[in-house]
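Q: Hey, can you walk me through this structure? I'm new to this, so plain words please.

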Amino acid sequence: MLRRSFTRRRALTAAAAVVGAGVTARLGDAAAPPVHQHDPLTQGSSHSGFPEGNATVDPKVNGFDPTVILRDFDWGKTRRLADGRTLREWELVASDKEIEIVPGVKYSAWTYNGRVPGPTLRAREGDLLRIHFINAGTHPHTIHFHGIHPAAMDGTPGVGEDVGGGLIQVGEEFTYEFDARPFGLHLYHCHASPLAGHIAKGLYGAFVVDPIKGRPAADELMMVQNAFDPNFDGDNEVYAVNTVAFHFMYAPVRVKRNELVRVYLVNIVELDPINSFHVHGNFFHRFPVGTSLTSTEYIDTVIQGQGQRDVLELRFPYTGKYMFHAHKSEFAALGWMGFFEVVE
Amino acid sequence: MKVAAVGLVAVAGAVAGLTLALAAPWRGGGAQGGDMSVTQSTLRPGSIALVVKNGSDAVARVAQVILNDAFVDFRASHLALAPGAAETITVSYPWIRGEAYEIELMTSTGRTVGYEIDEAA
């Protein structure tokens with residue numbers, strides 16, 4: 001979006017069939033097309049910040065709900081190994097799926113397990129992880145996990161094909177296996193080329209590794225900042241947390257007063273170099289990538305580059321509704337805004 | 001405002017061509033056939049009316065409106081436009097005299113139709 005104003009204006013100007021100011025016309029001019037007038041008028045859209053606002057995407061349309069994704073942590077199928085470690089296994093299936101990203105607008109996404117973002121995988125440091133990947137999509141894909149692991153398990157095209165990994169062709173499968181380390185908030189995403197395209201289409205998810213002794217008890221929320229370029233002009237038009245623009249304006253994130261809230265904040269926006277998260281009426285402790293249990297900052301706005309993650313902790317001392325949004329205001333106005341609703 | 005007093009003074013903008021998807025393997029699925037265009041704009045206090053014409057051979061549906069990089073409320077008689085049909089989209093917006101506005105009508109497939117008001121009056 002940083003290039004939006006310049007490029008869009010330039011494109012508009014270049015494509016102009018009629019140039020700008022000074023030309024006047026009246027509705028009903030012979031040259032004007034007929035205008036159909038019917039009452040009552042149909043409301044086309046509404047968004048919060050606007051008083052009529054009550055519009056979001058029905059979760060049934062997409063088959064996933066941004067609110068459910070907040071607290072949907074998938075610990076996998078587990079079994080105790082002979083050495084005492086825990087084995088966690090998941091199956092991730094890449095497939096094409098049309099999703100609705102802002103009311104009325106469909107987008108041809110690529111998904112892991114039919115949702116964007118993909119399942120939030122969760123483990124404890126030292127667990128053994130196996131992720132069975134099936135490519136049921138229409139293009140070659142991979143799963144590249146952040147973390148510490150052998151090269152063949154990295155999900156990078158050209159690396160690991162000798163053991164069946166690397167680029168996974170349509171209809172093929174591969175099982176990634178590695179230890180869960182280090183603890184923190186990590187990413188997984190497709191690493192097939194063109195990389196930006198495969199990520200922007202929706203092939204990504206979060207991957208949480210808890211420290212062995214855990215973190216303090218909290219209401220934990222997964223917020224994946226993402227964006228979409230539905231007209232393929234190289235700029236994003238729709239921004240969100242957990243995919244659906246403005247969702248949390250109409251379905252506020254309900255939390256309890258004085259309870260510790262832990263936000264797992266991920267920025268997977270492509271095409272824009274930075275994103276941000278700001279909360280109203282409060283400050284939060286920041287744990288970059290969640291790899292330390294010591295907070296580095298006490299702030300109310302955090303800036304994230306592409307692929308950056310932070311664990312944020314805060315308590316709300318007062319009840320009421322508090323907005324959270326990107327402090328790149330353009331992103332906020334294009335969907336990346338929502339509310340916490342603090343209750344007793 | 002004088003605009004309101006005289007009723008229907010349209011401030012012309014530029015009718016922009018549609019942004020076409022570039023050829024790339026991850027693109028596709030977002031475009032619909034044919035052309036849509038904004039043929040006329042009319043500014044009244046607190047609103048901008050746009051006449052949009054569907055020049056394609058398929059029904060098109062205006063799902064959202066983006067004005068200066070923000071989704072805005074809008075109303076129309078019909079959101080679905082038959083081939084060859086025209087419709088007035090009325091955007092609720094506190095426009096300011098002398099300022100420029102970039103408007104994109106986003107269809108149900110995510111395709112956008114651009115329109116620019118160089119100097120609101």
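A: Sure, one term to start: two strands pair if DSSP finds at least two bridges between them. Helices (H or I, at least four residues) and strands (E, at least two) are DSSP runs, numbered from the N terminus. This is a predicted model, where local features need pLDDT of at least 70, side-chain atom pairs count only at pLDDT 80 or more, and totals for chains, interfaces and linings use all residues. Residues are numbered from 1 along each chain as its sequence is written, and chains are lettered from A and ligands numbered from 1 in the order in which they are written.

Q: OK, so how many bridges join S2(A) to S6 of chain A?

A: Two, and the strands run parallel. One pair there is A:Asp74 with A:Leu121 in S6(A).

Q: What order do the strands of that open sheet come in?

A: S2-S6-S11-S10-S8 in chain A, five strands with mixed pairing. S2 (73-74) and S8 (144-145) stand at the edges with a single partner strand each, so one side of each has no neighbour in the sheet.

Q: New topic: which domains does chain A have?

A: Domain 1 (59-210) and domain 2 (219-343); such bounds come from an automatic or database domain assignment. Their C-alpha centres lie 22 Å apart. The contact takes 26 residues from domain 1 of chain A and 30 from domain 2 of chain A, where two residues are in contact if their C-beta atoms, placed from the backbone, lie within 7 Å.

Q: Which element gives the most to the domain 1 side?

A: S10(A), with five residues.

Q: And what does S22 of chain A pair with?

A: S14 (residues 253-256) of chain A joins S22(A) in parallel over four bridges, while S21 (residues 320-325) of chain A pairs with S22(A) in the antiparallel sense over six. A:Val342 in S22(A) is the bridge partner of A:Val255 and also stands opposite A:Gly320.

Q: Where are the cis peptide bonds you'd point out?

A: One runs from A:Val116 to A:Pro117, with omega near -5 degrees, and A:Pro117 lies in the loop between S5 and S6 of chain A. Another joins A:Arg181 and A:Pro182, with omega about -5 degrees.

Q: Last one: is A:Phe232 buried or exposed?

A: Buried, with 22 other C-beta atoms within 10 Å. The cut-offs: 20 or more other C-beta atoms within 10 Å of its own is buried, 12 or fewer is exposed, and in between is partly exposed, with C-beta atoms placed from the backbone. Phi of A:Phe232 is near 55 degrees, a positive value in a residue other than glycine.
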